[in-house]
Amino acid sequence: MERFIDLALSAVLLAGLYATMAYGLGIIYGVLRVVNLAHGGVIMMGAYMGWVLHRKLGVDPYLSIPIVVAASYLLGVAMYRVLVRHLPRGAAGGPASLLLLFGFWLVLRNGAYLLFTGDDQSITTAWSTSSVVVLGSQLSVSRLAVLAIGSVIPVGLHLFLHRTHLGRAIRAVAQNPDSCTLVGVDVERIYGITFGIGTALAGVAGLLSATLFAFNPGSGSSELLKSFVVVVLGGMGSVPGTGLAALILAVVEVFAILVLPSYLTSAVGFVMLVLVLVIRPGGLFGHRVLG
Amino acid sequence: MNIARPSFLKALLAALALLAVGLPAQAAPPKARVSVGATLPLTGSEARIGGFVKEGYELAFEEVNKAGGLQVGNQKLPVALTLLDDATNQATAVSLADKLINSDKVDFLLGTYSSHLIEAQSTVAEQYKVPYLQGGGGATKIFKRGFKYLFGTISPVELLGTTLMTWIDQQQKAGKLPKPAKIALLWENTAHGKDFRKGVSDFVAQNKGAYIISVDESFALDGKDFSALLGKVKAAKVDLFLADAHLPDYITMHRQYVASGLCHKVVSYGARGSEKGAIDALGVENVKYILSGVWWSSQLAAKPGPSRDFVTAFKARYGGRDPEWFQALAYLSAKTLFAAIQQAGTVDREAVRQKLATMKVKSLLPGGPLEFPAALGQQAQNPFVVQQNTPDGKSPIIFPQDVATGTGVAANPKCPN
Amino acid sequence: MRSRIRGLAPTPILAGFLLTGAALAVLPLVLELSIYTHNLMTLTFLSVAGALAWNWMGGFLGQVSFGHAATFGVGGFVAARIVLWAPVPAPLAWLVGGLVAGVFALGAHPALRLRGPYFSIATIGLGEATRLLFTYWEDFTGGSSGLSLPIETALKHRLYWWGLGLVVLVTAASWLIRRSGLGLQLLAIKADVDAAADLGVSATFYQDLMIALSGAVVGVTGGMWASYFSFIEPNDMFGFDRSIGFVLMAVIGGVGTVLGPLLGAVVFVLLRQYLLASYPQLYLGVYGLLLIFIILFEPLGLTGLLRRLWQRLSALRGKV
Amino acid sequence: MPLLATRALTKTFGGLRAVDALDLHLEEGEILGVIGPNGAGKTTLFSLIAGSIPPTAGAVLLDGVSMLGRPAFKMVRAGVVRTHQIVKPFPNLSVVENVVVGALHAGGRATGSVRDRAVEVLAFVGLEDRTHAFPGTLTLAGRKRLELARALATAPRVLMLDEVIAGLNPAEAQALATLIRRIRDERQVSVIMIEHVMPAVMSLSDRVVVLDRGRKIAEGTPAEVVNDSVVVDAYLGENHEGGTA
Amino acid sequence: MSDPLLQVEAIDVAYGDIQVLYGLSFEVHAGEIVTLLGSNGAGKTTTLRAITGLRPPQAGQVRFRGESLAAVPAAGRAGLGIALVPEGRELWPQLTVKENLELGAYGPQARPHAKQNLEKVFTMFPRLEERQQQLAGSLSGGEQQMCAIGRALMSEPVLLMLDEPSLGLAPILVDQVMRTISDLHATGMTILLVEQNLHRALEVSQRGIVIETGRLRLHGSSAELAASPEIRAAYLGL
């Protein structure tokens with residue numbers, strides 16, 4: 001029983017991390033129908049932003065969230081304006097966009113090697129290894145923080161998407177861009193903003209994972225792959241679906257250790273990814289908030 | 001028309017012709033120097049350590065050239081190092097070794113870093129009968145192929161497991177650890193991790209009744225989340241926590257370890273436990289009493305000898321920084337090659353190979369002289385040095401006794417019993 | 001006969017192609033190539049063959065696979081196991097490796113009804129799951145520490161011609177596919193699956209056929225790769241980077257054309273070699289920029305670029 | 001026995017009955033016009049017959065044999081082929097290659113080499129001088145002819161034409177109408193055509209079926225149908241019987 | 001008569017290389033209600049899309065209140081008072097009815113009055129008020145049409161264009177939609193209507209414009225057109 005609680009709590013914490021990583025990928029896909037293959041690269045950049053702020057300027061990683069959000073947002077808008085917007089017509093969301101953004105990831109990675117070398121880095125704060133006791137289990141404070149932020153993000157996103165004009169416009173663009181133009185919504189601008197938001201979310205995910213893991217310029221692949229699994233499971237572009245899918249993936253991976261060797265637990269996620277794509281392409285929950 | 005026209009074939013032919021003409025076979029230059037080639041992961045996932053190895057190699061080459069070169073027979077020849085970047089990629093490492101041997105015409109090869117790159121690359125050296133000295137891949141598997149031109153200055157990783165267990169065994173016999181002691185054995189699913197596991201499990205098998213391996217699990221390199229695995233360890237209620245992990249996994253895993261309130265009588269993460277990067281990332285408080293076994297430590301410079309000479313030279317060259325075992329083994333490999341050349345009195349590859357296979361030299365490694373026993377695939381068998389982190393942020397050598405600079409503490413006093 | 005469909009006299013192209021093949025075949029005998037060049041060309045041949053076979057799926061059918069390393073790895077390890085198990089000639093081992101890889105590729109059948117990015121994502125999942133499973137399957141692949149094969153220097157030298165032969169074969173096959181009814185149907189499926197079905201084309205059948213063929217050829221190159229390197233390791237053979245490599249080569253050269261992947265693979269290998277030697281700090285970024293440039297400005301890659309140059313030249317010549 | 005028939009064919013999308021228990025038949029050598037206002041379910045009917053989508057209920061019979069569960073590509077091989085309102089040439093294939101794709105699936109119904117048949121069909125529809133052009137360079141009328149040629153190349157017994165004439169100018173429309181009649185007369189192909197351009201339907205069809213909201217509301221010769229007040233209402237909106245509008 | 005509110009001047013519109021409109025010209029005056037007629041594929045929808053800027057003309061231009069719209073992006077035209085109720089409603093199915101309506105007032109001119117306008121729309125369509133929290137995709141066809149009209153009204157249009165508003169609706173709902181259009185016209189709104197239901201369209205409108213394969217075929221008052229044999233021929237082939 002105690003073991004069960006331990007595993008369940010680990011799964012919840014892991015879900016927080018997975019969800020945080022996946023929101024950015026999901027929202028960009030939901031609105032633009034573009035799979036941001038540079039997602040892993042942005043997560044890596046987010047980690048370095050946090051690291052630079054912490055190491056060089058002494059800014060606490062949690063306090064640097066707004067800075068990382070702003071910087072990643074600008075990066076995302078630039079990515080949209082300079083790259084994604086110029087994709088040959090009809091190819092948006094197709095393999096061309098995958099390759100384009102993969103190319104950008106390579107550039108980001110190379111940039112990071114030049115700027116920061118290939119050394120493993122991590123952000124160490126007073127909380128890095130501290131823990132609190134919940135239900136008899138010790139839980140890492142940094143992981144709880146990630147879970148908290150991972151839970152606040154969907155609420156914030158939900159409020160933003162449902163309660164503001166801009167948010168509603170974003171959802172409307174996801175569902176029918178032409179109608180949006182008719183009522184005066186500048187669809188291109190909305191695309192840029194959405195790409196920015198998705199990138200900002202990825203940046204925050206990078207910052208937060210930097211408080212948990214060591215990272216280097218090559219990091220990001222496993223984050224991207226996990227995000228894929230979560231986003232596909234949750235129904236591409238659904239915010240609550242993403243959260244729920246993160247939980248499912250985490251539970252499956254964590255509890256898989258009871259029957260599978262630890263090494264194979266992450267294969268379970270990939271198998272789920274393929275099965276869901278083939279059997280339920282709309283995601284496990286079908287319902288899409290964005291479109 | 002959608003398909004290609006003759007023009008493309010022309011272009012292709014031109015390109016291939018260029019390739020053929022642009023990279024023609026070069027005539028061997030007159031022997032004015034000893035040319036040594038190596039590739040290193042200067043970019044990619046092992047870039048950091050690739051850089052360390054480079055420092056070791058370069059120091060060795062500079063020293064020799066400063067002294068006027070190698071005495072080869074009756075002439076003094078300078079040594080030249082051709083260093084290429086293999087980007088931590090096997091195919092590239094192989095292909096560049098091809099280039100070094102066949103295009104750049106190097107006389108000898110020094111190894112790259114990390115077991116899988118070396119296992120792939122050393123086949124080229126073997127093929128063209130070029131002596132290949134390496135201090136970057138300790139997996140025994142590399143040396144079990146019966147290669148004649150491959151020499152390892154790096155002891156088998158199995159010995160790391162064995163050495164750690166030997167110290168633990170002493171503590172158990174001294175009554176400081178329970179008997180039987182339950183072990184959680186976590187190993188990275190790489191050649192390195194597998195050897196570590198073998199070292200520990202062989203030791204356990206030979207000491208029946210003293211140890212029980214309760215958890216035996218591998219994990220993926222760059223695993224990120226170890227909570228389920230650590231949950232399993234927790235549930236197993238073990239006494240000894242023996243893991244083998246690379247630096248990033250060590251940092252990630254140990255953060256989760258500490259946060260989830262785990263504490264064991266003995267904790268080790270293999271080779272990386274005392275690395276400065278890890279101590280910075282984890283905090284002195286959280287790494288105290290962690291054991292690590294390394295091939296070489298700068299503390300070996302406490303006594304006069306090759307280690308002290310090396311550390312002095314290294315600090316002078318690299319701004320007072322302490323070298324780690326990466327630099328030391330790289331330096332050692334280069335120096336050993338030079339010694340073999342000088343002793344052979346020629347740059348003839350076959351003669352140097354034979355000299356390497358038979359020579360015994362005093363080296364900066366602990367234990368006896370360095371030699372490459374043929375029975376063990378020409379891999380050095382020097383013992384590891386076991387270090388333990390202390391509460392004041394130091395990591396003295398606690399084993400073997402003859403080089404120890406401190407005393408080990410068993411049954412981690414941090415843990416509530 | 002069907003070749004006349006295109007209304008092109010195939011003779012000069014065919015002649016040029018055979019001539020190139022023959023020239024390359026005698027090149028090492030005539031010119032004294034350094035062993036490095038010789039081997040580099042062997043590797044280039046293997047890459048070319050792989051890229052061409054990838055293109056059958058990604059180019060002709062329009063199903064961009066990010067998981068072809070799975071068949072490369074299966075082919076490689078099956079061939080390696082055979083060589084280690086019995087003293088069979090290496091080419092036979094490669095062939096069996098290829099066949100097994102082809103059958104293995106059919107495991108992706110359920111994913112084939114996905115199109116566009118969905119298929120690509122599914123192949124990433126399949127590729128990674130395959131990598132993890134095979135890395136774990138110690139008895140077969142040697143696990144993460146891989147498999148070593150006996151070093152056969154002569155075979156490695158001969159691989160030049162085996163590789164060249166494979167390239168000739170696969171190029172010819174690409175050519176025939178492209179010009180035959182089969183190729184037309186593949187391109188029809190690529191353009192519009194439903195419209196193709198409305199003309200009697202069974203997308204399911206041809207997709208299965210092509211993924212098996214493409215997987216088999218990539219599997220054969222995997223087997224040759226194993227013989228070339230004498231050491232293979234699952235994380236490398238099945239790695240995502242390798243899957244991406246096939247995509248990059250085809251994209252750089254020009255997806256969907258016959259000569260594109262060929263050119264792309266040559267450039268990819270040479271560029272990599274050159275950049276690693278001269279600007280190791282920049283080579284990732286250069287690939288990235290190249291990819292961005294091609295996607296944005298020249299969707300047909302080098303082939304498109306050459307075609308444009310050719311047209312420009314022809315126009316100039318016309319004026320004079 | 002009719003060549004092709006539907007029995008209580010039904011297709012619902014969500015709650016909407018796009019095709020509602022439809023009985024339809026096509027005789028050998030007939031040109032059957034299918035008309036009806038927008039949203040009447042005509043294109044859905046074609047998709048059902050062609051096997052592109054499965055019916056919710058009912059069946060399609062060819063020579064009295066149920067074709068249930070046959071996907072589109074098998075229907076083509078059985079001799080039933082359709083064209084699309086929005087033409088879908090394969091832009092990456094030349095004109096003749098487009099036709100060859102169809103010609104590959106004529107089964108036993110045609111003799112001679114694939115290429116010869118493709119060239120013959122191109123000549124038949126009047127595209128012989130554009131053989132090696134790409135579809136993107138054709139006019140709309142040319143593309144409609146190409147769409148016809150591709151379908152004809154499969155040597156069909158039943159040809160379903162979805163608004164082939166729509167969008168053409170009167171001269172082009174006239175030429176295409178002539179072509180459709182020749183298809184029936186010279187190639188012995190039975191035709192079902194959906195068409196909005198009334199002059200064409202009225203002059204070409206032997207018989208006309210009128211659909212509205214998925215149901216058959218009238219059937220008969222063109223003259224009968226046009227004078228059917230139900231039809232006129234469906235088309236032009238209720239006229240309130242002789243009202244002055 | 002005053003200056004025309006909308007002037008379509010010799011526009012050519014093509015989708016890719018398929019030309020749909022050939023030099024089409026017509027005018028709509030303030031306060032008019034005009035019907036655009038023609039068989040399927042004649043180019044009616046394309047004409048409306050050209051006016052809204054979703055499909056800018058390759059040649060010719062559209063003027064609104066005498067000013068050329070050539071430089072005004074599509075998204076900017078709602079703010080000038082041009083609104084379209086598109087064919088098939090084109091609502092945002094996963095947004096609530098209220099959200100759909102509120103987004104209608106996205107432009108800076110309309111947004112300050114969104115509240116009052118929402119009240120007006122709800123008064124006009126009480127049904128929508130009842131269902132305001134429901135997802136638009138779950139509405140019946142008639143309700144969706146009301147919602148689409150309501151959304152267009154939220155932008156306070158001067159010129160309201162409706163593309164086949166009766167399509168797919170039951171006769172009773174068609175009546176209701178037509179009545180709504182008449183009512184809107186009665187409030188002084190200028191209306192350009194595309195409608196297949198010829199009689200209904202001519203009933204409500206003052207003038208009709210018939211296009212055939214992208215060209216103007218005939219135009220005149222509704223009464224003239226209703227009596228014209230040509231129009232019956234255009235539709236029924238008699």
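This report describes a helix crossing, some backbone features, the nonpolar cores and a few individual residues of a predicted model.

**A helix crossing in chain C**

In chain C, helix H3 (residues 69–85) and helix H10 (residues 203–229) approach each other so that their axes come within 6 Å and cross at roughly 50°. Because that angle falls neither in the range of 65 to 115 degrees nor under 35 or over 145, H3(C) and H10(C) are oblique to each other, and the crossing of the two is right-handed. On the side of H3(C), the contact is made by Thr71(C), Phe72(C), Gly75(C), Gly76(C), Ala79(C) and Ala80(C). H10(C) contributes Gly215(C), Val218(C), Gly219(C), Thr221(C), Gly222(C), Gly223(C), Trp225(C) and Ala226(C). Sorted by character, the residues of this contact between H3(C) and H10(C) comprise six nonpolar and eight polar ones, with no charged residue.

**Backbone features of chain B**

Two cis peptide bonds and two residues with positive phi are set out below, each with its place in chain B.

| Feature | Angle | Place in chain B |
|---|---|---|
| cis peptide bond, Lys179(B) to Pro180(B) | omega near -5° | Pro180(B): loop between helix H6 (157–173) and strand E8 (181–188) |
| cis peptide bond, Phe399(B) and Pro400(B) | omega about -5° | Pro400(B): segment after strand E16 (397–399) |
| positive phi, Thr88(B) | phi about 55° | loop between strand E4 (79–85) and H3 |
| positive phi, Tyr289(B) | phi about 75° | loop between helix H11 (284–287) and strand E12 (290–294) |

Thr88(B) takes up its positive phi although it is not a glycine, and with a relative accessibility of 14% it counts as buried, since the limit for that class is under 20%. Tyr289(B), likewise not a glycine, is buried with a relative accessible area of 14%.

**A buried lysine in chain B**

Is Lys99(B) buried or exposed? This residue, which lies in helix H3 (residues 90–103) of chain B, has a relative accessibility of 17% and therefore counts as buried. When its neighbours within four places in sequence are left aside, Lys99(B) is in contact with Leu84(B), Asp104(B) and Lys105(B) of chain B, and also with Tyr36(C) of chain C.

**Nonpolar cores**

Which residues touch the most other members of the largest nonpolar core? Within this core of 315 residues, that position is held by Phe241(B) and Leu159(D). Beyond the residues within four places of it in sequence, Leu159(D) is in contact with Val81(D), Thr83(D), Leu148(D), Ala151(D), Leu152(D), Ile183(D), Val189(D), Ser190(D), Val191(D) and Ile192(D). Apart from the largest core lies another of 83 residues, which includes Val72(B), Leu110(B), Ala340(B) and Ile397(B).

**Val201(D) and its surroundings**

In chain D, Val201(D) belongs to helix H7 (residues 198–204), and its relative accessible area of 0% places it among the buried residues. The C-alpha atom of Val201(D) is separated by 8.8 Å from that of Ala177(D), a residue 24 residues apart from it along the chain. Not counting residues up to four places away in sequence, Val201(D) touches Gly33(D), Ile35(D), Glu195(D) and Val208(D).

Technical notes:
Residues numbered from 1 in each chain as written. Chains lettered and ligands numbered in written order. Predicted model: local features only at pLDDT ≥ 70, side-chain atom pairs only at ≥ 80, totals over all residues. Heavy atoms only, no water. Axes fitted to C-alpha atoms, helices over the stretch in contact; angles between N-to-C directions. Helix = DSSP H or I, 4+ residues; strand = E, 2+ residues; numbered from the N terminus. Left-handed = near helix turned anticlockwise from the far one by under 90°. Contact = heavy atoms within 4.5 Å. Nonpolar A, V, L, I, M, F, W, Y, C, P; charged D, E, K, R; others polar. Buried < 20%, exposed > 50% of the residue type's maximum accessible area, 1.4 Å probe, protein only. Core = buried A, V, L, I, M, F, W, Y, C linked by side-chain atoms within 4.5 Å.
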